[in-house]
Every structure is written in structure tokens, then in C-alpha cells.
Amino acid sequence: MSILVIAEHDNKALNGATLNVVAAAQKIGGDITVLVAGSGAQAVADAAAKVAGVSKVLLADDAAYANQLAENVAKLVASIGAGYSHILAASTTTGKNILPRAAALLDVSMITDIIAVEGPKTFKRPIYAGNAIATVQSDESIVVATVRGTAFDAVASDGGSAAVEAIASTGDAGISKFISEEIVKSERPELTAARIVVSGGRGVGSGENYHKVLDPLADKLGAAQGASRAAVDAGFVPNDMQVGQTGKIVAPDLYIAVGISGAIQHLAGMKDSKVIVAINKDEEAPINAVADYWLVGDLNTVVPELVSKL
Amino acid sequence: MKALVAVKRVVDANVKVRVKPDNSGVDLTNVKMSINPFDEIAVEEAVRLKEKGTVSEIVVVSIGPKESQEQIRSAMALGADRGILVEADDSQLGALEVAKILKGVVEQEQPQLILLGKQAIDDDSNQVGQMLGALLGSGQGTFASEVKVEGDKVQVTREVDGGLQTVELALPAIITTDLRLNEPRYAALPNIMKARKKPLDTKSPADYGVTSTSKLKTVKVEPPAERKAGVQVKSVDELVEKLKNEAKVI
């Protein structure tokens with residue numbers, strides 16, 4: 001078996017999500033090749049070559065790949081994909097944007113968000129917002145799938161010594177153009193990879209209060225910050241902090257939900273966390289049903305008290 | 001210009017689904033069904049573009065059982081002009097087959113804008129729009145939170161992991177909607193009545209040359225692992241103590 005892993009990166013550094021995908025590839029078993037499509041991305045290719053378990057790195061360096069436009073990258077993936085038994089990418093917005101397009105170009109079906117490898121062609125994936133787990137078997141000649149990072153422990157980012165081979169670009173498809181981006185800057189750990197996540201919901205009341213109450217707690221714990229959809233829709237925090245079916249899926253060691261009621265869509269994004277703590281003034285909040293520890297109280301007094309006692 | 005919107009009939013977002021005891025799937029008997037929430041946002045966006053004068057006609061297409069007519073009528077009540085139902089056993093179709101049928105519809109209708117939800121809340125696949133883009137050779141603006149049509153181009157602001165990204169696509173283009181694109185309106189009763197009289201064609205996948213079924217087989221469907229019941233703690237001190245000594249996470 002030969003597995004192609006699409007590297008996730010920003011042209012400078014390899015994104016940690018790729019390490020989880022390589023881990024899934026190892027579970028499938030076979031030769032693992034990593035494709036780095038980017039612009040001025042030699043450093044990314046070098047980093048990928050050091051990843052444990054990777055046997056080859058392909059580098060396609062072209063301005064057309066600078067912003068990971070799906071139209072251009074999918075074309076490249078499809079042009080080399082037929083030589084592999086599996087093509088995998090992370091279940092990030094980049095992976096989800098590119099991979100279905102590549103699969104359709106190869107005329108094969110795709111599996112989204114695998115959480116377990118049952119066999120080379122059999123996988124588990126969540127459906128209905130994580131309320132059911134489907135075992136899916138592919139009869140396609142090439143298995144194309146995105147991998148849910150939190151379901152696989154990352155492989156080591158060093159120890160490997162793969163060769164880097166440059167491959168030709170398939171060029172610009174000419175139907176899409178990158179205009180701009182607005183990336184949210186944060187000193188905190190990345191949400192999907194953090195060991196501890198502190199999330200706020202509608203109950204925090206305002207954006208100002210979100211930061212007043214939750215920033216000290218996140219600082220104290222070295223935690224990433226998340227939010228429920230209600231908090232995002234109300235404008236308390238930016239969208240990329242949303243945890244849930246339509247936001248990010250997290251599975252940290254500790255998830256602290258503050259002022260979050262626990263709608264199905266939110267639970268879909270965090271109920272695989274190892275330990276869940278809920279702080280809510282509502283004794284009947286659905287979040288309590290999945291929480292390991294829940295405390296009923298006013299978050300404006302409970303959270304500062306918690307910070308002072310940590 | 002013409003806009004095509006694809007909608008899917010799915011279990012209502014507020015229903016807590018149950019897995020069938022024989023593990024063959026999720027029990028959908030007597031469960032409330034609705035338009036997939038993301039598709040409703042796609043319909044709303046098309047209607048807003050029509051109200052601005054950008055779009056002249058909105059065609060809604062759904063692929064699924066006969067009952068999907070209800071969801072097409074709902075979309076018409078929101079402002080779509082006509083509907084196409086491709087009657088099929090959608091449990092046998094995967095995203096690739098759906099995309100192939102939609103390609104046939106697009107070739108027949110020649111829309112400039114093709115709007116879909118970013119994912120259906122039942123299979124959570126998030127694939128059809130991207131696959132359709134590939135089959136048509138069109139650009140794709142996935143996870144859209146803002147759409148601006150300018151001449152023969154469309155600027156789409158996309159919700160990506162780090163924040164937002166804006167791309168410009170040549171028309172015809174595919175747009176898949178994210179939750180923040182808009183707030184769908186409610187259908188007014190007179191509009192629901194009017195929607196009953198709007199034209200609705202019924203087709204089959206074979207009309208678009210698609211006869212294959214998905215090569216992905218669902219072997220079984222299980223409920224997720226249950227979390228063991230938690231405990232209510234009475235004080236912050238107790239919480240800190242439990243996190244330190246029992247859970248050992250801090």
C-alpha cells in the first residue's frame with residue numbers, strides 16, 4: 001500500500017495537524033509520502049522529511065499554491081493521486097476544501113473525518129453531529145479521506161530522514177484568485193491542539209465580560225480559548241473560536257465550559273474531551289449530562305475564585 | 001443571472017437521533033424532517049441577491065425521496081421561483097453521485113451561481129459543493145460568510161481555521177454557505193400559499209445519466225460511547241481538589 005498525505009502548512013511551518021494524519025496513515029500501513037504544495041515552501045518540505053514514519057516528500061513549489069486554493073491544489077493532487085492506494089488530509093478547513101475536489105477529479109468517493117482505522121478500506125466516522133458512529137467500507141480503487149486530528153495521537157516531528165523530491169506544478173487553473181486574509185493573532189495555544197480548553201457561551205454576557213472572566217483562567221492554565229455558537233453569533237468572540245459541529249472539534253485533557261448550556265451542536269465539538277467541567281447557573285443545563293464535574297453558580301464569582309485557588 | 005440552490009431533506013437539527021437496535025442506521029420513523037439548515041441559508045442568500053437585482057431567477061433542486069417536495073415548497077415560500085425534484089433513494093447515493101446529478105441539472109439550467117450548504121447535518125460529509133466544482137471545472141467559494149457579485153466575478157469571504165480568507169471566482173461559480181452568511185427569514189403564510197402554485201418538475205437520476213450507487217458501504221451504525229455520569233461539586237475548593245487529585249488534569 002502507498003499512502004499520500006497532503007501536508008497542511010503556511011509556506012513557513014508544517015502544521016501539527018499533519019502529524020495526526022501521518023499517525024492515521026501508519027495505522028493503515030504502507031509507504032507514506034507527504035505532498036507539500038506551496039510557494040517558497042522548502043522549509044516545510046524539510047520539516048516533513050524529518051517526521052517519523054515518512055518515507056518520501058514531494059515538493060511542488062509554485063506561486064499558484066501559495067494560498068492553498070482548492071482549484072489549483074486539487075488539480076495537482078489528482079494528477080499524482082492515481083499512483084496511490086490512499087490519499088489523506090487533515091479535517092481542517094483546508095483539507096475539507098481541497099480533498100473532495102481532488103476525489104471528484106479522480107472519480108472516486110471520499111470519506112470525511114475518520115476517527116478510527118478498522119482495516120485498509122474500513123473506517124469509523126461520526127454522523128448526525130457525533131450522535132452516531134458509522135463504520136464505512138470503501139470499494140473504491142483509491143481511498144480518499146480526511147482525518148479527525150483529535151482521534152489520532154500525533155507522530156514525532158523528528159527522527160525521520162525522508163528524501164525530498166521536487167515535482168512539477170500543474171499551474172494555475174485560472175478560475176480563482178486569492179484576494180486577502182484576516183488571521184486572528186493569539187499568544188495562546190492553538191485550539192484544536194491544546195491540552196486544556198476554556199470555553200465561554202451566551203452566559204458570559206458580553207465580549208468584554210468574556211475576556212474579563214475567562215482570560216485570567218486561560219492564562220493561569222495555559223489553555224486555549226473556545227466559544228459556543230451563541231457567543232460567536234452574539235459577537236463576543238471571533239468565529240474561529242467556535243467549538244461544535246460547524247466549528248472546531250476538540251478533545252483536550254480538560255475542557256471547561258463556562259456559561260454554555262450544551263446544545264447538541266456544541267457537544268458534537270467537545271464531548272470526546274477527557275475531563276469536562278461545566279460552570280453554569282442552570283442546574284438543568286444539558287451540559288451537565290456530559291460533564292464529569294459541574295458546579296452550579298454565577299460564573300462572575302465562581303471563575304475568579306477558581307483562578308485565585310489554582 | 002440565474003441561481004441554482006440545492007437543498008436536502010434531513011432530520012430536524014433539534015431532534016436527538018437514536019440508532020436502530022440492529023445497527024443498520026438511525027431511526028427516522030416519525031421524526032421531524034426539515035431543510036438542512038445550511039441549505040436554508042443558501043436559499044436566503046439567493047433570495048437576497050434577487051432582491052438586490054443581481055439574480056433574476058432562483059431554481060431549487062433537491063435529490064431524495066418524494067417527500068423532499070415539502071422542502072422544495074419551503075424554499076419556494078422563502079422566494080425561490082421553481083423547483084426540480086430528482087426522485088431517488090438518497091441512502092444509496094454518496095456525495096459523488098449527488099454531485100454528478102447536480103452537474104446534469106447545472107448543464108441543463110446554466111445558472112451563473114450555484115449555492116449549496118457547506119454540509120448536511122445528517123451525514124456531516126462537507127463534500128458535494130467541492131465535488132460539483134471539480135466536475136464542472138468551476139471555482140469554489142466554500143464556507144462562505146460573505147458573497148459579493150461584481151460583473152462576471154464573485155468575491156467570497158470564507159471562514160477558515162485561522163480567521164477569514166477572501167477569494168475571487170470567475171462565474172459560473174459554486175458557493176457553499178457557512179452559518180454566519182445570513183439569518184434566514186420565516187416564510188409568511190401568503191407566500192406558503194403562493195409556493196403551492198409554483199412549478200415543480202420531477203426527474204430521476206437516469207435523466208441526468210447517473211445510474212451508479214455509492215461505492216462506500218455503511219457496514220454498521222452504533223451509538224457513541226457513553227460518558228460515565230459526572231458529579232455535581234458544591235464549591236470551587238471541591239472542584240480544584242477533584243481536578244488535582246481525582247482527574248489529575250491540572
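UniProt positions are given here in the numbering used for this structure, and such annotations may be inferred rather than shown by experiment. With that in mind, note also that the model is a predicted one.

**Stop 1: the annotated span of chain B**

Select residues 23-212 of chain B. An unreviewed UniProt entry annotates this stretch as "domain: Electron transfer flavoprotein alpha/beta-subunit N-terminal". Helix makes up 29% of the span and strand 31%, and its end C-alpha atoms are 25 Å apart.

**Stop 2: the interface of chains A and B**

Next, display both chains and select the residues in contact: 82 belong to chain A and 79 to chain B. The area buried between chain A and chain B is about 6,700 Å², with carbon and sulfur atoms accounting for 53% of it. On the chain A side, highlight Thr93(A), Tyr128(A) and Tyr293(A); these supply 11% of the area that chain A buries against chain B, more than any other three residues.

Polar pairings may be shown next. Between chain A and chain B there are 48 residue pairs in polar contact, both members at pLDDT 80 or more. Coloured by class, the side of chain A that touches chain B shows 39 nonpolar, 19 polar and 24 charged residues. The salt bridges between the two chains number six. To inspect a salt bridge between the chains, centre on Lys309(A) and Asp237(B), whose closest N and O atoms are 3.3 Å apart.

**Stop 3: the two domains of chain A**

Now hide chain B and colour chain A by its domain assignment: domain 1 covers 2-166 and domain 2 covers 196-309. Five residues of domain 1 of chain A and seven of domain 2 of chain A form the contact. The C-alpha centres of these two domains of chain A lie 31 Å apart.

Between them, domain 1 and domain 2 of chain A bury about 530 Å², 54% of which comes from carbon and sulfur atoms. Select Ala129(A), Arg148(A) and Thr150(A): in domain 1 of chain A they lose the most area to domain 2, together 77% of what that side buries.

How many salt bridges join domain 1 of chain A to domain 2 of chain A? The count is zero. One residue pair in polar contact, both at pLDDT 80 or more, is found across this domain interface of chain A.

**Stop 4: a pair within one helix**

Finally, select helix H6 of chain A, residues 229-233. Arg229(A) and Asp233(A) both lie in this helix, four residues apart, about one turn. Their side chains meet in a salt bridge at 2.9 Å, N to O. Over all chains, the structure holds 29 salt bridges.

How values were computed. Residues numbered from 1 in each chain as written. Chains lettered and ligands numbered in written order. Predicted model: local features only at pLDDT ≥ 70, side-chain atom pairs only at ≥ 80, totals over all residues. Heavy atoms only, no water. Domains from an automatic or database assignment. Contact = heavy atoms within 4.5 Å. Buried area = accessible area lost by both parts, 1.4 Å probe. Salt bridge = Lys/Arg side-chain N within 4 Å of Asp/Glu carboxyl O. Polar contact = N/O pair within 3.5 Å; in protein donor to acceptor, adjacent residues only side chain to side chain. Helix = DSSP H or I, 4+ residues; strand = E, 2+ residues; numbered from the N terminus. Nonpolar A, V, L, I, M, F, W, Y, C, P; charged D, E, K, R; others polar.
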